[in-house]
Amino acid sequence: MTTNTTATATATAAKTATDITTDTSTDTPLAPEHTPRLQWAEFAPEVYKAMVRLDAAARKGVDPVLLELVKIRASQLNHCAFCLDMHTKDAFAAGESVERIVQLSAWEESRHFYTEKELAALALTEAVTVLTDGFVPDEVYEAAARHFDEAGLAQLIAAITVINAWNRFGVTCRLVAGHYTPGQYK
């Protein structure tokens with residue numbers, strides 16, 4: 001999640017189920033939206049502002065399309081619906097294809113949709129996001145290092161780390177997906 005104003009984030013997350021109530025393709029009522037647990041940015045504004053600055057610093061020099069792929073994949077792994085909504089919409093708005101976004105959750109079986117550099121970044125994203133073995137495997141790190149110079153690799157690691165932090169705010173506070181407009185927080 002990347003945002004610029006606390007008020008906008010609060011208003012967006014606080015929208016009610018009346019905004020999205022019916023599946024228009026079948027006229028079938030949809031399940032009601034849940035209520036966010038906490039508008040964390042409202043109650044920790046200095047942390048929020050620091051996160052926005054950290055996010056801006058982390059994205060410097062990272063290809064915008066690659067950045068969205070990384071953010072989507074980390075958000076899938078972390079089950080952050082709010083960030084998935086945001087970053088898939090931003091990726092589509094930037095010209096990303098439906099196929100590449102759809103296949104992202106199965107990228108290892110759909111390698112032919114991505115460049116070798118993107119594959120290395122996705123593998124690193126998964127290793128940094130899911131630390132079940134307690135470390136990032138050498139082969140994953142080395143594959144990424146073959147495609148990124150040291151500065152680029154440092155920025156990529158920073159971007160992966162930042163989206164994981166945003167995901168933890170989104171999931172813990174149960175931020176509501178579905179109301180984001182592409183570029184809204186840029």
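In this predicted model, the side chain of T125 places a polar atom 2.7 Å from the backbone oxygen of A121. T125 itself sits in helix α7. Is T125 buried or exposed? Its relative accessibility comes out at 0%, so T125 counts as buried, the cut-off being under 20%. Setting aside the neighbours within four places in sequence, the contacts of T125 are with V70, R73, A74 and I160. Of these contact partners, V70, R73 and A74 also turn up among the buried residues of α4.

That brings us to α4 itself. This helix covers residues 64–78, 15 residues in total, and runs 21 Å from its first C-alpha to its last. At 1.5 Å a residue one would expect 21 Å, and the computed span is close to that. How much of α4 is covered? Mostly covered is the verdict, with 12 of the 15 residues buried. The buried set takes in hydrophobic names such as L66, L67, L69 and I72, but also E68, K71, R73 and Q76. As for what they pack against, the buried residues of α4 meet α3 (45–59), α5 (81–93), α6 (98–103), α7 and α9 (150–172).

Both ends of α4 have something to show. At its start, a side-chain oxygen of D63 comes to within 3.1 Å of the backbone nitrogen of V65. Just past the other end, H79 adopts a positive phi of about 60°.

On the other side of D63 in the chain, the loop between α3 and α4 holds K60. K60 has a relative accessible area of 58%, and since the cut-off for exposed is over 50%, K60 counts as exposed. K60 also pairs up in space with a residue from far along the chain: A159 is 99 residues away in sequence, yet the two C-alphas are 9.0 Å apart.

Then there is the largest pocket, with a volume of about 160 Å³. Which residues line the largest pocket? The lining is made up of W107, E108, R111, E116, L119, A120, A123, V140, A143, R146 and H147. Helices α7 (116–129) and α8 (138–147) each contribute at least two residues to this lining. Sorted by class, the lining of the largest pocket has six nonpolar residues, four charged and one polar. Helix α7 thus appears in several parts of the picture: α7 carries T125, is packed against by buried residues of α4 and helps line the largest pocket.

Technical notes. Residues are numbered from 1 along each chain as its sequence is written. This is a predicted model: local features need pLDDT of at least 70, side-chain atom pairs count only at pLDDT 80 or more; totals for chains, interfaces and linings use all residues. Side-chain values use heavy atoms; hydrogens and water are left out. On a 1 Å grid over the protein atoms alone, a cavity is a set of points where a 1.4 Å probe fits but cannot get out, and a pocket is an open set with protein on both sides within 12 Å along at least five of seven lines; lining residues have an atom within 4 Å of a point. Grid points are joined across faces, edges and corners, and a volume is the space filled by probe spheres set on the points. Helices (H or I, at least four residues) and strands (E, at least two) are DSSP runs, numbered from the N terminus. Ala, Val, Leu, Ile, Met, Phe, Trp, Tyr, Cys and Pro count as nonpolar, Asp, Glu, Lys and Arg as charged, and the others, Gly among them, as polar. Buried means under 20% relative accessible area, exposed over 50%, partly exposed in between (1.4 Å probe, protein chains only). A polar contact is a pair of N or O atoms within 3.5 Å; within protein, one must be able to donate a hydrogen and the other to accept it, and residues adjacent in sequence count only if both atoms are side-chain atoms. Contact means heavy atoms within 4.5 Å. The expected span of a helix is 1.5 Å times one less than its number of residues.
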